[in-house]
Amino acid sequence: HDGMEEEAFVHLVGKEQLEGWNTQAIPLKEWCLSRKHLFQIWEDFSEELKSGSLGSLVLVVTSNGIARFAGGLTGDFSRFCQDHSLKLSTGGYGVFALTSEGTWEVEKWNIRPTPPQKK
């Protein structure tokens with residue numbers, strides 16, 4: 001669906017499916033993706049991060065579609081959905097920090113960098 005005009009995309013998949021994707025990260029039926037599997041990918045990555053094998057500060061570059069599942073790392077995805085838009089703006093980023101209890105918390109979400117000032 002990359003490159004489709006939003007109106008054409010909504011017409012193709014329907015408002016209900018799009019709403020589920022945007023508010024609850026429910027993949028569209030024709031994508032043949034398991035929501036559970038997408039959360040598991042982040043959980044597996046989390047375990048790798050916790051091991052320290054990647055260092056103490058890691059930059060992850062991914063698509064908005066995959067990024068919206070990162071909120072599952074908090075252990076309360078429903079709460080994450082209430083507090084944050086799942087959709088990251090173009091160029092937006094989020095920051096997660098590992099707590100002393102070994103859980104993840106969201107420090108920032110959907111932040112857009114400030115462009116440099118022209119001199």
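Modeller: Two strands are said to pair if DSSP finds at least two bridges between them. The model discussed here is predicted.

Colleague: Over how many bridges do β1 and β2 pair?

Modeller: Strand β1 covers residues 93-98, and strand β2 covers residues 104-111. A pair of strands needs at least two bridges. β1 and β2 pair in the antiparallel sense, and the number of their bridges is five.

Colleague: Which residue in the turn of the hairpin formed by β1 and β2 has a positive phi?

Modeller: The hairpin has five residues between its two strands. Beside this turn, L98 stands opposite W104 in β2. The turn residue with a positive phi, of about 85 degrees, is G102.

Colleague: Are the rings of F80 and W109 stacked or edge-to-face?

Modeller: A pair of aromatic rings is described by the distance of the centres and the angle of the planes. For F80 and W109 the centres are 5.1 Å apart and the planes stand at 80 degrees. Planes over 60 degrees apart count as edge-to-face. The pair F80 and W109 is therefore edge-to-face.

Colleague: How many residues apart in sequence are the parts that F80 and W109 tie together?

Modeller: F80 belongs to helix α5, residues 77-83, whereas W109 belongs to strand β2. Both F80 and W109 are buried. Because the two rings sit in separate elements, their pair ties together parts whose separation in sequence is 29 residues.

Colleague: Is F96 buried, partly exposed or exposed?

Modeller: F96 lies in strand β1, and its pair with W109 links distant parts of the chain. The relative accessible area of F96 is 22%. Buried means under 20% and exposed means over 50%. F96 is therefore partly exposed.

Colleague: What is the distance of the polar contact that joins the side chains of S46 and W104?

Modeller: S46 lies in helix α3, residues 35-51, and counts as buried at 0% relative accessibility. Leaving aside its neighbours within four places in sequence, S46 is in contact with L73 and W104. The side chains of S46 and W104 are joined by a polar contact of 2.7 Å.

Colleague: How wide an arc around the axis of α3 do its buried residues cover?

Modeller: The buried residues of α3 are L38, F39, W42, S46 and L49. An α-helix has 3.6 residues a turn, so residues three or four places apart point the same way. On the other side of α3, K36 and S51 are exposed. The buried residues lie on the same side of α3 because their arc is only 95 degrees.

Colleague: Which residue caps the N-terminal end of α3?

Modeller: The cap involves a side-chain oxygen that lies 3.3 Å from the backbone nitrogen of K36. The residue that supplies this oxygen is S34.

Colleague: What helix is included in what covers the buried residues of α1?

Modeller: In helix α1, residues 6-13, the buried residues are F9, V10 and V13. Their arc is 100 degrees, so they line one face of the helix. On the other side of α1, E7, H11 and L12 are exposed. The cover over the buried residues includes α2.

Technical notes:
Residues are numbered from 1 along each chain as its sequence is written. This is a predicted model: local features need pLDDT of at least 70, side-chain atom pairs count only at pLDDT 80 or more; totals for chains, interfaces and linings use all residues. Side-chain values use heavy atoms; hydrogens and water are left out. Rings of Phe, Tyr and Trp (its six-membered ring) pair if their centres lie within 6.5 Å; planes under 30 degrees apart count as stacked, over 60 as edge-to-face and the rest as tilted. Helices (H or I, at least four residues) and strands (E, at least two) are DSSP runs, numbered from the N terminus. Buried means under 20% relative accessible area, exposed over 50%, partly exposed in between (1.4 Å probe, protein chains only). A polar contact is a pair of N or O atoms within 3.5 Å; within protein, one must be able to donate a hydrogen and the other to accept it, and residues adjacent in sequence count only if both atoms are side-chain atoms. Contact means heavy atoms within 4.5 Å. The arc is that of the directions from the helix axis to the C-beta atoms.
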